[in-house]
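Q: Please take a close look at the charged side chains of this model and at how they pair. I would like one connected account that also covers where the residues sit and how exposed they are.

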Amino acid sequence: MAVISDMELLTAWRGGDKLAGSELFGRHFDSLYRFFASKVGDEADELVQRCFVAAIEGFERYRGEASVRTWLYAIARNILRQWAWERGRAKRREQELGDCSLADLGVGPSTAIDMVREHKQLAAALRRIPIDSQIVLEMFYWEKLTAGEIAVVLECLEGTVRSRITRARQQLRGELDQLVRTHEELESSMDGLETWAKQMAQVWGRQTGDAHD
Amino acid sequence: MRSLDTWERVGPPEPDPDGLTRSIARKRVHGRLFGGDERTIIADRFVIGHKLGAGGMSSVWRANDLSLGRAVAIKFMLPVAADATAKGEQRLLREAQALARVAHPNVVSVYDFGSHEGRVWVAMEYVPGQTLRALAGDPGSSVRARLEPWIAVGRGLAAVHDVGLVHRDVKPENVLIGDDGRVRLIDFGIVRLASSESPESDMVNTPSDASGDAEGIGTGAGTASETLCEPPGDTASTVSNPFHQMLTVRNASLGTPAYMAPEQLQGRRGTALSDQFALCLCMVEALCEARPFAEGTAFARLESMAQGKLGRLPKALPRRARRALRRGLALKPEHRWATVTELLDELERAFERRRRRIVVVGVVGVAAAAWAVGLGARDLEPSAPAHSCASERDAMTGFDDARREAIRSSFAATGLGFAAASAKLVDAELGAWDQAWHEQRRGACEATRVLGVQSEALLDRRVVCLDRVRAEFGELTRVFAEADAAVVTHAAELLAALPPITGCAAAALVGAPSSSPAELEALAELARGRALLIAGDQAGALASADRAASMVGADQRASLPSLQVRALRAELDVQAERLDAGFRGLREVADAAARAGFTDFEATVRANLATRVAGGWSQPELERWWLVDAELAVERVAVADDPRQVQLAHTRGLLAQARGDYDESERLLTEVLAAADARGLWLIARDIRMDLANSLRKREAFDDARPIYTQLIVEDTERFGPEHPRIAHYEYNLGVLEVDAGRFAHAEVHLLRAIELFERAWGQSLGALRARLTLVHIDLSAGRFERASAALDALLPRFEALLGPRHRETAHAYNASGMLSFYAGDYEASIVAYQRALAGFIAAHGPDHDDVGLVWANLGESFAALGQGERAMQAFNRGLAILERRLGRDHADLGPALKGRGLAQLDSGLFGLAIDDLERAHALLEAAADEPVELAETRFALARALGQGERATALARVAALEFAQLGLDDRSRAVHRAFELP
């Protein structure tokens, strides 16, 4: 049986075929959810829902020049911008939204999300660079989109994509460095533990070597 | 830059490592987009809500328990690693099982556990509240007050140790104080079975333990890359640096360093003794408002520990307690107390006051002490030490394992299909009551002994009250243990009759006289009697009442037991349908209780009375007044969360429904439903929902009512088991709904099902008869007169036998019989039947009621058919007078009656009056548009009354057409002839 294309599913769904919609949903939910989860945390499911609704409603505007997947990302980005704008309006920020980072908006995944420390740093750094830069990196590294597809998502020229990626990497590196530096201070306090262990052994009158009996 | 490169190689930081949040979100969004269930349901029971929090190895979610209608917290562990296979998962499940065995008020309860899509989950009590850390300490509080919560925690910890588990992360963040003030130990994220599974892996996180994580529940699957330690014997720095390595493994993996015992810091696995250490640390911290063993590096901390520097303990701390804590904080585990219980006992002894003699009527000197269960016999002897307020799980009267087993087996022995599910439900509800009782019991004690906010005298009264309530509980469980089919069937109602513990709250007892020991026995007997009455055993209930009466003695007219005896007898009258005697009796008891000062009992009696009369006595004014009386009585008792408030609000909704104000009824019922749900009164909630559905049905909002009934069937099937007789009521209501909606085929299905369930449970009971009568109505409407007639012939004698000839339901049956005879042309028989119906309705409702009016109108039709014009007129006059008064001049139900009278007047030549009536009838029937035959007849009659003219001819023409359309060709031709129509 031939595999049905995304485009066919989308068309069918637009025509009222819920099964097709469900299949399309199944194919793209995870990546859209990831997109939002790394940025807005708990409200991700609400925004994903909006994405799919927008996809159906904006069907006419989609002419099939990019893959459905890419097109969905473009929608997602706009929904994110809309949402961020609403948040930003509450905080009265005047900057160009693209320069704004989620951290600036005081937004991040809920603190309940827990990660390995390294991932935590990375995620934190990502939130400190401008939103579009975050998107560009995620699209490129995570979702493996081509430059052309990224251009569709960001609504920019394909030629500019590469320089955007480079710039985003630089921004990320800068943030990471700062984060790591503070952590290293933490690290150094740990190193003193080597001496500690020896002293501890003395307190208990045991040899370090067989400390585990 | 290292991290970025790793990231590019390894992949993106997954915000939700185990995909649980994602899959829950996925289901939700899918449901919203495509319809269908958006809920994630675990084990067919728990509906996942929102995430409460997450740690390194687990996430905790709020969920709703469908089967018991309460909130729970579910902890999901990370999915077991691929290489761990079944063994790791089995181990996690076994630990969950061990946790579930701990049933202690100070340990968060584990309700259920299992595995869902590769993740082990544990469903626990949901405790809204704060951690002990978050709760700011009161600088003015006494030493005792600061220590008390931790002693309670300690008791819980001891219970954990008793089942062979070790907590390993005792700290203030892991103790919750619920809104009820009870402390609970939580977060068994790192609980371990004390007995080692792999003896050689004393060291945590050894690669040899790579068959899954070394930690158990909550520590998650450790992959090889996660474990940072080397096998023993290596001289790598990490080995000699266990502190370091423990911190670099994912956080929360091995306990918080700040509370770790020395041996844990050294790298040894935690044991019950290190739990003890942590507990003592917490206690000292609470006492000093500062953590002992200086903050800062672990080394400094260990040094302080080695030197035994506890910091400044408050002077008010008894020396004995100080010593006890010091011992608990000994460096070497073997120097500490052998068990946590020993430590706690020692601490409590340190605070023991000199024993005061409790002087309260009845408690001292009760030799048998059959119900002084909470106190224990030793408390009655002056030389015995004061009882502590720590929980006493030996106070299990009425709910020990033997009793529980007896309940289960007697339920099973009835052989009923729904017995097993009902038994499970009963066990859960009784358990919840038991738990609440223990909390109240301890709370009462603490209020006096610990917090000093309550007098000894009041404590004793509360204790006596609680013991009494416990004895009633014991009687009720005994009824369950001796269950027959009736008890199993009425399990829900019996559970609803559990004595509310709020009755023993301090507020409820102020001013009330206390009971003597002889009275306590009588009260217990009466509790049994009430339970038997609920189960339908009238003889047994009466016997109990008599027995209790003899216990009380003749001179105690105003005592609580004698009042309860009278109340029970009055309830018997009500159940036997001797309504007037019963209601009046209850009213008298309530008044007597008020005079004697038993305000709580008075409130209960008034509340029950108001509920019983509402809508069922046909005396709307009295019903309203008595409801107000009840509300005032409940208010006077002024206890928080009084379930009677919900009961009365429910009754108010029913009253509105009885007088036909459906909008108001729905408003009130919806409101009280929210309150019932919020308070977890799910037994009442389902009654409210059924009444809500009834109201919707009565105002013909069929599509809104139907799903409610259906949902109730689903839920009750789940809760009580399949084919529970309660379902019969829902099916009956659904049947009536479908009749009103005109879907007769559907109605029959439901009614037949209802009959089946009713008869199986209760034989030829009222419910079955009612359902059969409704089937008769369906047959009548469908024109199946013969079938209807045969069924009625069988039903009428049963109605009479069950309810007597003057009951309103019997009257309904006679009315139906009359209608049948009328259609069959046997007018004399119809008159006889109608007269019987009339007698019954008047006896039940009084002479001024809709049903009475309608029967008069029916009689009028029959008389008219016999040509007895005068009698017909009289009957119509009486009927219409009543109907106009009750329903208003323009109510649709007046249509047929007006037509009847108009026809009679026409036949008597009273044309003017006939036209008046017929015009009204015409207008009403046209508007209602659901009685085509009546309408056609009215048009014809009106035409004849008008005699001639355009209008008359027009009416006649329409009438002829309608008759023809209805298949009544003879009558159509008659119209043609009368008006010479073409």
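A: Over all chains, this predicted model holds 77 salt bridges. Side chains of opposite charge can pair when their charged atoms come close.

One of these pairs is formed by B:Arg612 and B:Glu571, whose side chains meet in a salt bridge with an N to O distance of 2.4 Å. Because B:Arg612 belongs to helix 21 (residues 599-613) of chain B and B:Glu571 to helix 19 (residues 560-575) of chain B, the pair ties together parts that lie 41 residues apart in sequence. The two partners fall into separate accessibility classes: B:Arg612 has a relative accessibility of 36% and counts as partly exposed, whereas B:Glu571, at 16%, counts as buried, since buried means under 20% relative accessible area.

A further group of contacts is centred on B:Glu937. With B:Lys899, this residue forms a salt bridge in which the closest N and O atoms are 2.5 Å apart. That pair links distant parts of the chain, with B:Lys899 in helix 35 (residues 894-907) of chain B and B:Glu937 in helix 37 of chain B, 38 residues apart. Both B:Lys899 and B:Glu937 are buried. B:Glu937 also forms a salt bridge with B:Arg971, where the closest N and O atoms are 2.6 Å apart. Here B:Glu937 in helix 37 of chain B meets B:Arg971 in helix 39 (residues 969-979) of chain B, so this pair ties together parts that are 34 residues apart in sequence. As for accessibility, B:Glu937 is buried at 16%, while B:Arg971 is partly exposed, with a relative accessible area of 34%. Elsewhere, B:Arg45, B:Asp65, B:Arg70 and B:Asp112 are joined into one network by salt bridges that share partners.

The sheet of chain B comes next. Its strands form an open sheet of six, in the order 1-2-3-4-6-5, with antiparallel pairing. Strand 1 and strand 5 (110-116) of chain B stand at the edges with a single partner strand each, so one side of each is left without a neighbour in the sheet. Strand 5 of chain B pairs with strand 6 (residues 119-125) of chain B in the antiparallel sense, over six bridges, and within strand 6 of chain B the bridge partner of B:Gly114 is B:Trp121.

Two charged residues in loops deserve a separate look for their backbone angles. B:Asp44 has a positive phi near 55 degrees, in a residue other than glycine, and sits in the loop between strand 1 (41-42) and strand 2 (46-54) of chain B; with a relative accessible area of 68%, B:Asp44 is exposed. B:Arg168, although not a glycine, likewise has a positive phi, of about 75 degrees, and is placed in the loop between strand 8 (165-166) and strand 9 (175-178) of chain B, but B:Arg168 counts as buried at 6% relative accessibility.

Charge also gathers at the surface, where B:Glu700, B:Asp740, B:Asp893, B:Asp930 and B:Glu931 form a negative patch. Of these residues, B:Glu931 is found in the loop between helix 36 (911-928) and helix 37 (932-946) of chain B. B:Glu931 is partly exposed because its relative accessible area is 34%, between the limits of 20% and 50% that bound this class.

Notes
Residues are numbered from 1 along each chain as its sequence is written. Chains are lettered from A and ligands numbered from 1 in the order in which they are written. This is a predicted model: local features need pLDDT of at least 70, side-chain atom pairs count only at pLDDT 80 or more; totals for chains, interfaces and linings use all residues. Side-chain values use heavy atoms; hydrogens and water are left out. Patches are made of residues with over 30% relative accessible area and no salt bridge: like charges are joined within 9 Å, nonpolar side chains (Val, Leu, Ile, Met, Phe, Trp, Tyr) within 5 Å. Accessible areas come from the Shrake-Rupley method with a 1.4 Å probe; for residues, only the protein chains shown count as cover. A salt bridge is a side-chain nitrogen of Lys or Arg within 4 Å of a carboxyl oxygen of Asp or Glu. Lys and Arg count as positive and Asp and Glu as negative; His and the chain ends are not counted. The place of a charge is taken as NZ of Lys, CZ of Arg, CG of Asp or CD of Glu. Helices (H or I, at least four residues) and strands (E, at least two) are DSSP runs, numbered from the N terminus. Buried means under 20% relative accessible area, exposed over 50%, partly exposed in between (1.4 Å probe, protein chains only). Two strands pair if DSSP finds at least two bridges between them.
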